[in-house]
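Please read the following account with the sequence and the three-dimensional structure at hand. It proceeds from the sheet to the helices and then to individual residue pairs.

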Amino acid sequence: MNSVGLGNPGIDNFITEIKEIKKFKFPLIVSVFGNTVESYIKVALQAEQAGADAVEINISCPHAEVASIGIDKNLTYSIVESMKKEIKVPLFVKLNPNVTNLGEIALAAQKGGADAVVAINSLAAMKVDIRTKRPILSHGSGGLSGKAIHPIAVKMVYDLYKILEIPIIGCGGASNWQDIIEFILVGASAVQVGTALHQGFDIITDIIKGLKNFLLDNNYSSINELKGLAHEFKTQEVPDFD
Ligand SMILES: Cc1cc2nc3c(=O)[nH]c(=O)nc-3n(C[C@H](O)[C@H](O)[C@H](O)COP(=O)(O)O)c2cc1C
């Protein structure tokens with residue numbers, strides 16, 4: 001559980017880091033947020049100008065104000081639509097899982113012109129210290145991430161794949177190559193790894209090696225061949241006892 005609350009050095013300071021990372025050859029996705037539509041656009045434009053290949057907007061942190069956008073389909077549509085008019089690089093929308101109907105928010109993002117959705121952000125959660133009888137996190141509550149939320153994230157990506165036309169980036173508890181394959185099978189086009197990086201960056205090397213071996217062992221030439229295959233599963237019919 002964390003309650004970082006989106007604390008960060010700010011885009012002006014981060015630009016140096018973006019330029020540094022751009023020296024490597026892989027694509028760079030910069031995740032941004034703001035407190036008004038204008039500030040979202042301003043930060044996204046600065047990230048784009050500094051070299052971001054895509055921008056992810058966070059409308060979903062469960063313990064920050066931006067969560068209120070990600071629980072409302074009209075606000076989601078309007079921020080995405082406004083941003084798409086201003087930025088040229090692809091725009092990804094990071095979804096808030098703490099809603100009753102994630103599908104309608106994702107569809108609003110798609111209608112607004114999002115190029116992909118990222119599912120999911122952390123789940124609202126709380127821990128209370130039984131001795132002090134107070135919540136442990138200074139914010140009161142926080143966001144649960146890591147292995148515990150992986151099956152929930154898998155189900156959400158599975159459900160979104162049925163209704164969306166734009167790609168889904170799976171996120172939530174992925175910590176090994178098997179978790180990545182699972183996300184791809186339910187329909188993800190790419191996967192983010194967050195909490196598991198606490199184990200060290202070597203897990204990325206292990207994941208890439210594991211994915212390559214899995215494809216070779218099963219005669220796949222690309223991971224795309226696995227995308228959405230779990231949807232071929234048919235729910236077992238309830239037997240008729242009459
Ligand atoms: C310490 C920490 C900080 C995070 N900060 C952000 C953030 O600034 N913006 C955001 O969109 N998500 C943030 N998240 C959520 C993660 O990006 C991710 O959606 C979530 O943790 C689930 O993935 P994971 O289990 O792989 O970490 C943060 C998560 C953690 C653990």
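The paragraphs below describe a predicted model.

The description begins with the sheet. Six strands form an open sheet, paired in parallel and arranged in the order β1-β2-β3-β4-β9-β10. The edge positions are taken by β1 (residues 29-32) and β10 (residues 190-192); each has a single partner strand, so one side of each is left without a neighbour in the sheet. On average, neighbouring strands of this sheet are turned by 25° against each other, direction ignored. Within the sheet, β4 and β9 run parallel and are joined by 3 bridges. One residue pair can be located directly in the model: Val-118 has Ile-169 of β9 as its bridge partner.

Two helices may be placed relative to these strands. Helix α4, residues 73-86, lies across β2 (54-58) and β3 (91-94), and its direction makes an angle of about 160° with β3. Helix α7 lies across β9 and β10, running at about 135° to β10.

Helix α6 deserves a closer view. It comprises 14 residues, 150-163, which at 1.5 Å a residue should span 20 Å; the C-alpha atoms at its ends are 21 Å apart, in agreement with that expectation. The buried residues of α6 are His-150, Ala-153, Val-154, Met-156, Val-157, Tyr-158 and Leu-160. What covers these buried residues? The covering elements include the helices α5 (102-112) and α7 (177-186) together with the strands β4 (116-119) and β9 (168-171).

The packing of α6 with α7 can be described further. Their axes are 8 Å apart and meet at an angle of about 25°. Because angles under 35 degrees count as roughly parallel, α6 is described as roughly parallel to α7. On the α6 side the contact is made by His-150, Ala-153, Val-154, Val-157, Tyr-158 and Tyr-161, and on the α7 side by Asp-179, Glu-182, Phe-183 and Val-186. Several of the contributing α6 residues, among them Val-154 and Val-157, are also buried.

Helix α6 also carries a salt bridge, in which the side chains of Asp-159 and Lys-155 meet at 2.9 Å, N to O. These two residues are 4 residues apart in the helix, and are therefore separated by about one helical turn. Asp-159 counts as partly exposed, at 32% relative accessibility. Lys-155 is likewise partly exposed, with a relative accessible area of 48%.

The structure holds 7 salt bridges. Another of them is formed by Lys-22 and Asp-53, whose closest N and O atoms are 3.0 Å apart. Lys-22 lies in the loop between α1 (11-21) and β1, and Asp-53 in the loop between α2 (37-50) and β2, so the pair ties together parts that are 31 residues apart in sequence. Lys-22 has 28% relative accessibility and counts as partly exposed, and Asp-53, with a relative accessible area of 32%, is partly exposed too. A further salt bridge joins the side chains of Arg-131 and Asp-129, at 3.2 Å from N to O. Which partner of this pair is buried, and which is exposed? Arg-131 counts as exposed, at 64% relative accessibility, whereas Asp-129 counts as buried, at 15%.

Attention now turns to helix α2. Its 14 residues should span 20 Å at 1.5 Å a residue, and its end C-alpha atoms are 20 Å apart, which agrees. The buried residues of α2 are Ser-39, Tyr-40, Ile-41, Val-43, Ala-44, Gln-46, Ala-47, Glu-48 and Ala-50. Just after α2, Gly-51 adopts a positive phi of about 125°.

The final site is in helix α5, where Ala-108 is found. Ala-108 is buried, with a relative accessible area of 8%. When its neighbours within four places in sequence are left aside, Ala-108 is in contact with Lys-73, Thr-76 and Tyr-77. In addition, the C-alpha atoms of Ala-108 and Asp-72 are 9.1 Å apart in space, although the two residues are 36 residues apart in sequence.

Definitions and conventions
Residues are numbered from 1 along each chain as its sequence is written. This is a predicted model: local features need pLDDT of at least 70, side-chain atom pairs count only at pLDDT 80 or more; totals for chains, interfaces and linings use all residues. Side-chain values use heavy atoms; hydrogens and water are left out. The expected span of a helix is 1.5 Å times one less than its number of residues. Buried means under 20% relative accessible area, exposed over 50%, partly exposed in between (1.4 Å probe, protein chains only). Contact means heavy atoms within 4.5 Å. Two strands pair if DSSP finds at least two bridges between them. Axes are lines fitted to C-alpha atoms, for helices over the stretch in contact, and angles run from 0 to 180 degrees between N-to-C directions. A salt bridge is a side-chain nitrogen of Lys or Arg within 4 Å of a carboxyl oxygen of Asp or Glu. Angles under 35 degrees count as roughly parallel, over 145 as roughly antiparallel, 65 to 115 as roughly perpendicular and the rest as oblique.
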